[in-house]
Amino acid sequence: MTLPLPRARAEVAPGAVHVPDWLAPARQREILDAAREWSRPPAGMRQTVLSGGRKMSIRTVCLGWYWSPYRYTRVSHDGTPVKALPAWLAELGRDAVAVAYGAPKLAAAYEPDIAVVNYYDHAARLGMHQDKEEISPAPVVSLSIGDTCVFRLGGTENRNRPWAEVLLESGDLFVFGGRSRLAFHGVPRTLPGTAPGHLDLSGRVNITLRMSGLS
């Protein structure tokens, strides 16, 4: 039997670090089970409607703060309070920053109060954009579960080339901060059927943790 080659940790751009296979299979399953609970009403998963009336192809549920283009509120789309961000998820974010940067002080100060949980079916994609509604310059932590995706990371000035493309597989960690904190990024496609069988998942779940800097 031919075993897959190990994938190497990489700094894709200054401050943008990819750590493959960071989440163990059992941990992936725990997070997926939690995401399924968060997705239930009230304040459950929805397709965000952008200005102009266009719906995003991904479906989203928020914890801590609700993202409504292009601001954060404490009230969800259905008028109910946003679900709380659990302490164990914030702790996972601190562990992620420590692993990505090898900086214990930076990790200890990382107190994410927002989780944006996105679900991609096989037709979903996410255009190039910046995560810039937050006041805090703290890093964004991204966790991937399910189908592999093509993650595109560009520069901070515009959506245009040059950009780097990285395959994010189930269990991968991607952290972007520092000079890459406001980098344009997106997901042009996912690879159907690549999710690990033990997850019983068709599609991709992505969780991004952020510090808002809001009161």
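In the predicted model, Ser142 of strand S8 has Thr208 as its bridge partner in strand S13. This pair belongs to an antiparallel arrangement in which S8 and S13 (residues 204-210) are joined over six bridges. S8 also pairs with strand S11 (residues 173-176), again in the antiparallel sense, here over four bridges. Within the pairing of S8 with S11, Leu143 is matched with Leu173. Strand S8 itself, spanning residues 140-146, is mostly covered, with seven of its seven residues buried. In a regular strand, side chains point alternately to one face of the sheet and to the other.

An open sheet is formed by four strands in the order S7-S12-S9-S10, and the pairing is antiparallel. Its edges are occupied by strand S7 (126-129) and strand S10 (164-168), each of which pairs on one side only. On average, neighbouring strands of this sheet are turned by 25° against each other, direction ignored. At the S7 edge, two bridges connect S7 with strand S12 (residues 185-191), and the two strands run antiparallel. His129 is bridged there to His185 of S12.

Helix packing was examined for helix H1 (residues 25-38) and helix H2 (residues 87-101). Two packed helices are described by the angle between their axes together with the distance between those axes. The axes of H1 and H2 come within 12 Å and cross at roughly 135°. Because this angle is not over 145 degrees, the cut-off for a roughly antiparallel arrangement, H1 and H2 are classed as oblique to each other. The crossing of H1 and H2 is left-handed. On the H1 side, the contact involves Arg27, Ile31, Ala34 and Trp38, which meet Trp88, Leu89 and Leu92 of H2. By class, this contact of H1 with H2 comprises six nonpolar residues and one charged residue, with no polar residues.

Beyond H1, Arg40 lies in the loop between this helix and strand S3 (59-63). Its relative accessibility is 48%, and Arg40 is therefore counted as partly exposed, since the exposed class requires a value over 50%. Arg40 and Trp22 are 18 residues apart along the chain, and their C-alpha atoms are separated by 27 Å.

Methods. Residues are numbered from 1 along each chain as its sequence is written. This is a predicted model: local features need pLDDT of at least 70, side-chain atom pairs count only at pLDDT 80 or more; totals for chains, interfaces and linings use all residues. Side-chain values use heavy atoms; hydrogens and water are left out. Two strands pair if DSSP finds at least two bridges between them. Axes are lines fitted to C-alpha atoms, for helices over the stretch in contact, and angles run from 0 to 180 degrees between N-to-C directions. Angles under 35 degrees count as roughly parallel, over 145 as roughly antiparallel, 65 to 115 as roughly perpendicular and the rest as oblique. A crossing is left-handed if the near helix is turned anticlockwise from the far one by less than a right angle, and right-handed if clockwise. Contact means heavy atoms within 4.5 Å. Ala, Val, Leu, Ile, Met, Phe, Trp, Tyr, Cys and Pro count as nonpolar, Asp, Glu, Lys and Arg as charged, and the others, Gly among them, as polar. Buried means under 20% relative accessible area, exposed over 50%, partly exposed in between (1.4 Å probe, protein chains only).
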